[in-house]
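Me: Could you go through this structure with me? I'd like to start with the overall fold and then move to the details.

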Amino acid sequence: MKAKEEFIRYIRKTGTSLGISIPLEVIKILNLKENEIVRVTVERIKKDGKN
């Protein structure tokens with residue numbers, strides 16, 4: 001069985017890209033390490049701070 005966690009984050013501009021950060025709690029729960037490959041699914045839940 002694959003470990004899976006969901007969380008909500010704001011998108012930030014990082015250089016010429018957009019990025020999100022993984023919460024520390026999720027990193028600990030999934031025991032994530034640098035250079036590991038993770039699956040990311042993106043779903044917009046609000047547009048410009050509005051529904």
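Reply: What follows takes the chain as a whole, then its largest pocket, then a few individual residues, and the model is a predicted one.

Me: Which elements does the protein chain have, and how many of each?

Reply: The protein chain holds one helix and two strands, and read from the N terminus on, these elements follow the order β-β-α.

Me: Is the chain spread out or compact, going by its radius of gyration?

Reply: The protein chain is more spread out than a compact globule, because its radius of gyration is 13 Å, well over the 10 Å that the globule rule gives for 51 residues. Taken along the principal axes, the C-alpha atoms fill a box of roughly 35 × 25 × 15 Å.

Me: And what share of the residues is buried?

Reply: Buried residues account for 6% of the 51 residues in the protein chain. As for the surface, the chain exposes about 5,700 Å², of which carbon and sulfur atoms supply 52%.

Me: Switching to pockets, how much space is in the largest one?

Reply: The largest pocket contains about 1,500 Å³ of space. It is lined by 30 residues, and those closest to its centre are F7, I20, V40, T41 and V42.

Me: Which elements supply at least two residues of that lining?

Reply: Both β2 (17-19) and α1 (24-30) do, each with at least two residues in the lining of the largest pocket.

Me: What's the chemical make-up of the lining?

Reply: The residues lining the largest pocket divide into 16 nonpolar, 11 charged and three polar.

Me: Now the backbone: which residue has a positive phi of about 55 degrees although it is not a glycine?

Reply: That is N31, whose phi is positive at about 55 degrees even though the residue is not a glycine, and N31 sits in the segment after α1. N35, which also lies in the segment after α1, has a positive phi of about 75 degrees and is likewise not a glycine.

Me: Why does N35 count as exposed?

Reply: N35 counts as exposed because its relative accessible area is 75%, and the cut-off for exposed is over 50%. N31, with a relative accessible area of 49%, is therefore classed as partly exposed.

Me: What about V38, where is it and what is its relative accessibility?

Reply: V38 is in the segment after α1, and at 41% relative accessibility it counts as partly exposed. The C-alpha atoms of V38 and E5 are 11 Å apart in space, while the two residues are 33 residues apart in sequence.

Me: Last one, A3: what separates its C-alpha atom from that of V40?

Reply: The C-alpha atoms of A3 and V40 are separated by 13 Å, with the residues 37 apart along the chain. V40 is also among the residues closest to the centre of the largest pocket. A3 itself belongs to the segment before β1 (12-14), and A3 is exposed, with a relative accessible area of 60%.

Technical notes
Residues are numbered from 1 along each chain as its sequence is written. This is a predicted model: local features need pLDDT of at least 70, side-chain atom pairs count only at pLDDT 80 or more; totals for chains, interfaces and linings use all residues. Side-chain values use heavy atoms; hydrogens and water are left out. Helices (H or I, at least four residues) and strands (E, at least two) are DSSP runs, numbered from the N terminus. Buried means under 20% relative accessible area, exposed over 50%, partly exposed in between (1.4 Å probe, protein chains only). On a 1 Å grid over the protein atoms alone, a cavity is a set of points where a 1.4 Å probe fits but cannot get out, and a pocket is an open set with protein on both sides within 12 Å along at least five of seven lines; lining residues have an atom within 4 Å of a point. Grid points are joined across faces, edges and corners, and a volume is the space filled by probe spheres set on the points. Ala, Val, Leu, Ile, Met, Phe, Trp, Tyr, Cys and Pro count as nonpolar, Asp, Glu, Lys and Arg as charged, and the others, Gly among them, as polar. The radius of gyration is taken over C-alpha atoms; the globule rule is 2.2 Å times the number of residues to the power 0.38. Accessible areas come from the Shrake-Rupley method with a 1.4 Å probe; for residues, only the protein chains shown count as cover.
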